[in-house]
Amino acid sequence: MIRTRALSRSFGEKKVLAGTTLEIVRGERVALLGPNGSGKTTLLRVLAGLLMPSSGDAWIDGISVAREPLRAKARLGYVPASESGFFPRFTGRENLLFFAGLRGLPPRESLRQLERLRALKPLESALETPFQFASSGMKQALCLARALLGDPPVLLLDEPTRSLDPEAALELHAFLATGLADKTALFVTHSTEEASRCATRVVRLSDLQLDRSQASAPPPAFESPQGVLA
Amino acid sequence: MTGAYSFLLRRELRDRYPTRLAIAGELLGLGASLLVYAYTARAFAPRFQGGDYFSYLLIGEATLFAPLALFNGLARSVRLSAQTGTLEAMLAQPVAPWRILLVLGGALLPIELARALLTLGLGALLFGFALAPSAWGTLLSLQLLALPAFFGLGLLASSALLRFGRGEAMLGYLGAAAAIVAGAYFPTDVLPAQLKELAAWLSPFSLLLETTRAAATGGFEPGTLLRPGAALLAWGVLTLPAGLLAVKLAFARARRVGAPFLIT
């Protein structure tokens, strides 16, 4: 479902990703850990089709993100690291309907999907609030809702609970773990607790580099994340 | 994309006219411009060889609203989108970057065409600007025929902004210079020979101005619209593909280089 092979990305002299190889099968929710600056966000941006790899390639559902970015983007939803990217004078609903239109969803289908996404609690109030007055939690919910528009099978989430209070974070964890059961997801986090709550597998970016095979055995703390959820 | 287009049109309206006071300000500014044109025309009328100087100024101003909006305004929209992060959010969607720019540019057009109509209408209402009823349609047709050419120029300008990360002010100067040299405010006959040549070279601007003035003053048979119309379209055939290619290259470069869109 998500695959990278010998994926490298440099910014000038600085090599951020060095031969990253990763494979995520359908239905897996993988937490990606690593220190700041290790390339987690860069990996997600490459997978989202926003950055070209310097070498190697990545595939979403078998589609190369380097060669067919539009087709790949149609199969994924991306939650970026920043909460910006919305039109400040417009409500959450208006913003989401715009992005749904851009994604090619017919208006009626867009409205139907928005109704379904109300399950994401902070979204309820975010829908009617102009984005400029939305709280961080609302903005985060809008980012997630935007990624879910069009019901893409793959989700890429960059620190999805970064600016949430503990209660809201727990709600989002529950949503990620149960509401997205049919999705394949790769999410970046700094929290081992979050990883163990939401992921079916945890990988460290350093273990994926230089063509080494991906972290086959998760660290002991993450051995049975499903158990935590149960 | 229709929903996205109407949203961006509403965004443009809301950004420009967030309050009734802003609308009043726009009307006031328009009225002030017309007043300046009327008195300038009155002062210089005896020495102006081209007929009614007020009409000359009025048509020059109104004709270039939409073309200049595409040339400068699209680049401005791109810069604002980059700064608010909406450009990247749009690029993360499965839609080609050039389509995003076309929608951004298209959202400017109804407002600029309405401003042009309002300018001419106020000119007629307050200062006796006379335009034959049949000429309104011709003027609108000319604007539509010129769209591809100016869309192309706007795409070229925006891709330059994306490529270099700066230059919006320069594009503003270029647009203003193009308008002046093309004869928006005075006939190009008074220009030095080299500038006159440049005016001819800036053909989409001068071609649109000349044809519009001819249509407005009645010295224009409907059939003769074909030739300048075809010339305007030919400019579109030239600039639109060039603009689309430039945009494609600019976005491909941004994706390759990995620099965020920092446009100052």
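How many helices and strands does chain A have? Chain A has 10 helices and nine strands, where helices (H or I, at least four residues) and strands (E, at least two) are DSSP runs, numbered from the N terminus. Keep in mind that this is a predicted model: local features need pLDDT of at least 70, side-chain atom pairs count only at pLDDT 80 or more, and totals for chains, interfaces and linings use all residues. Residues are numbered from 1 along each chain as its sequence is written, while chains are lettered from A and ligands numbered from 1 in the order in which they are written.

**The two chains**

Chain B is put together from 12 helices and zero strands, so its run of elements from the N terminus is simply α-α-α-α-α-α-α-α-α-α-α-α.

| Chain | Residues | Buried | Box of C-alpha atoms |
|---|---|---|---|
| Chain A | 230 residues | 48% | roughly 45 × 40 × 30 Å |
| Chain B | 264 residues | 44% | roughly 60 × 45 × 35 Å |

Here "buried" means that 20 or more other C-beta atoms, placed from the backbone, lie within 10 Å of the residue's own (exposed is 12 or fewer, and partly exposed is in between). The boxes are taken along the principal axes.

The radius of gyration is taken over C-alpha atoms, and the globule rule is 2.2 Å times the number of residues to the power 0.38. Chain A comes out at 17 Å, close to the 17 Å that the rule gives for 230 residues, so it is as compact as a globular protein of that length. Chain B has 19 Å, which agrees with the value near 18 Å for a compact globule of 264 residues.

Two residues are in contact if their C-beta atoms, placed from the backbone, lie within 7 Å. Among contacts with a separation of 6 or more, residues 24 or more positions apart account for 69% in chain A and 80% in chain B.

**Sheets of chain A**

Strands count as paired if DSSP finds at least two bridges between them. One open sheet has five strands in the order S6-S7-S8-S3-S9 of chain A, with parallel pairing. Strand S6 (76–79) and strand S9 (201–204) of chain A sit at the edges with a single partner strand each, so one side of each has no neighbour in the sheet. Neighbouring strands are turned by 15° against each other on average, direction ignored. Four bridges hold S6(A) to strand S7 (residues 154–158) of chain A, and Val79(A) stands opposite Leu157(A) in S7(A). Helix H1 (residues 40–47) of chain A packs on this sheet, touching strand S3 (29–33), S7 and strand S8 (184–188) of chain A. The direction of H1 makes about 150° with that of S7(A); axes are lines fitted to C-alpha atoms, for helices over the stretch in contact, and angles run from 0 to 180 degrees between N-to-C directions.

The other open sheet has four strands in the order S2-S1-S4-S5 of chain A, and here the pairing is antiparallel. Its edges are strand S2 (14–24) and strand S5 (63–64) of chain A, each with a single partner strand, so one side of each is left free of a sheet neighbour. Strand S1 (residues 2–11) of chain A is joined to S2(A) by seven bridges, and Ser10(A) stands opposite Lys15(A) in S2(A).

**Domains of chain A**

The domain assignment, where bounds come from an automatic or database source, gives domain 1 (2–75 + 152–229) and domain 2 (92–151) of chain A. The contact takes 10 residues from domain 1 and 11 residues from domain 2 of chain A.
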